[in-house]
Amino acid sequence: MTILIPCYNEEESLPMLFARLTTLSENAQLAPDDDDRIDYRFLFVDDGSKDSTRDEIREFASNRFDTGFIFLSRNFGKEHAMLAGIQLLALGVSANISAARSFRPRTGRAI
């Protein structure tokens with residue numbers, strides 16, 4: 001499952017989100033049965049942030065095989081950022097979450 005995460009000036013909320021995504025990914029790998037195991041992938045779409053959002057995303061993704069990103073040239077709005085991510089995704093299941101501190105790892109399990 002790919003989780004699409006549109007971002008705009010999220011430097012303050014990203015560290016907490018990164019920790020939660022890491023927990024989600026690690027917990028998914030601990031599932032006792034292969035049928036219960038979910039391989040998560042994360043796709044960040046930065047919508048022209050003016051703060052350090054892009055740098056933080058690059059740093060997070062640099063050590064992970066399951067994380068990608070798209071950097072838009074300017075702010076096009078959340079819907080366009082989501083569309084850019086959706087267009088990039090291969091066929092499969094995806095979910096959209098906000099980078100603004102609203103994601104909880106147990107939520108992803110319910111998807």
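## Burial and the overall fold

A residue is called buried when its relative accessible area is under 20%, exposed when that area is over 50%, and partly exposed in between. Phe69, at 36% relative accessibility, therefore counts as partly exposed. The model described here is a predicted one, and within it buried residues make up 41% of the 111 residues of the protein. The protein exposes about 6500 Å², of which carbon and sulfur atoms supply 51%.

The secondary structure consists of four helices and four strands, and, read from the N terminus, these elements follow the order β-α-β-α-β-α-β-α. Among the contacts between residues at least 6 apart in sequence, 76% join residues that are at least 24 apart.

## Strands and crossovers

Strand β2, which covers residues 41-46, is mostly covered, since five of its six residues are buried. Strand β1 (residues 2-7) runs parallel to β2 and is joined to it by six bridges; Ile3, for instance, has Phe42 in β2 as its bridge partner. Between these two strands the chain passes through α1, and the resulting β-α-β crossover is right-handed.

Strand β2 also pairs with strand β3 (residues 67-71), again in the parallel sense, over five bridges. In this pairing Leu43 stands opposite Gly68 in β3. The path from β2 to β3 leads through α2, and this β-α-β crossover is right-handed.

## Aromatic pairs

A pair of aromatic rings is described by the distance of the centres and the angle of the planes. The structure holds four aromatic pairs. In one of them, the rings of Phe18 and Phe60 have centres 4.1 Å apart and planes at 5°, so the pair is stacked. This pair links distant parts of the chain, because Phe18 belongs to helix α1 (residues 14-29) and Phe60 to helix α2 (residues 53-62), with the two positions 42 residues apart in sequence. Phe18 counts as buried at 10% relative accessibility, and Phe60 likewise counts as buried at 12%.

Another stacked pair is formed by Phe69 and Phe71, whose ring centres lie 4.6 Å apart and whose planes meet at 20°. Phe69 is partly exposed, as its 36% relative accessibility showed at the start, and Phe71 is also partly exposed, with a relative accessible area of 22%. Ring pairs further link Phe18, Phe44 and Phe60 into a cluster.

## Asp51 and its surroundings

Asp51 is found in the loop between β2 and α2, and its relative accessible area of 24% places Asp51 among the partly exposed residues. Although Asp51 and Asn9 are 42 residues apart in sequence, their C-alpha atoms are 5.5 Å apart in space. When residues up to four places away in sequence are not counted, Asp51 touches Asn9, Glu10 and Glu11.

The side chain of Asp51 also lies close enough to the backbone for two polar contacts, for which the cut-off is 3.5 Å between N or O atoms. A polar atom of this side chain lies 3.4 Å from the backbone nitrogen of Glu10, and the side chain of Asp51 reaches the backbone nitrogen of Glu11 at 3.2 Å.

Conventions: Residues are numbered from 1 along each chain as its sequence is written. This is a predicted model: local features need pLDDT of at least 70, side-chain atom pairs count only at pLDDT 80 or more; totals for chains, interfaces and linings use all residues. Side-chain values use heavy atoms; hydrogens and water are left out. Rings of Phe, Tyr and Trp (its six-membered ring) pair if their centres lie within 6.5 Å; planes under 30 degrees apart count as stacked, over 60 as edge-to-face and the rest as tilted. Buried means under 20% relative accessible area, exposed over 50%, partly exposed in between (1.4 Å probe, protein chains only). Contact means heavy atoms within 4.5 Å. Accessible areas come from the Shrake-Rupley method with a 1.4 Å probe; for residues, only the protein chains shown count as cover. Two strands pair if DSSP finds at least two bridges between them. A crossover is right-handed if, with the strands pointing away from the viewer, the path from the first strand over the helix to the second runs clockwise. A polar contact is a pair of N or O atoms within 3.5 Å; within protein, one must be able to donate a hydrogen and the other to accept it, and residues adjacent in sequence count only if both atoms are side-chain atoms.
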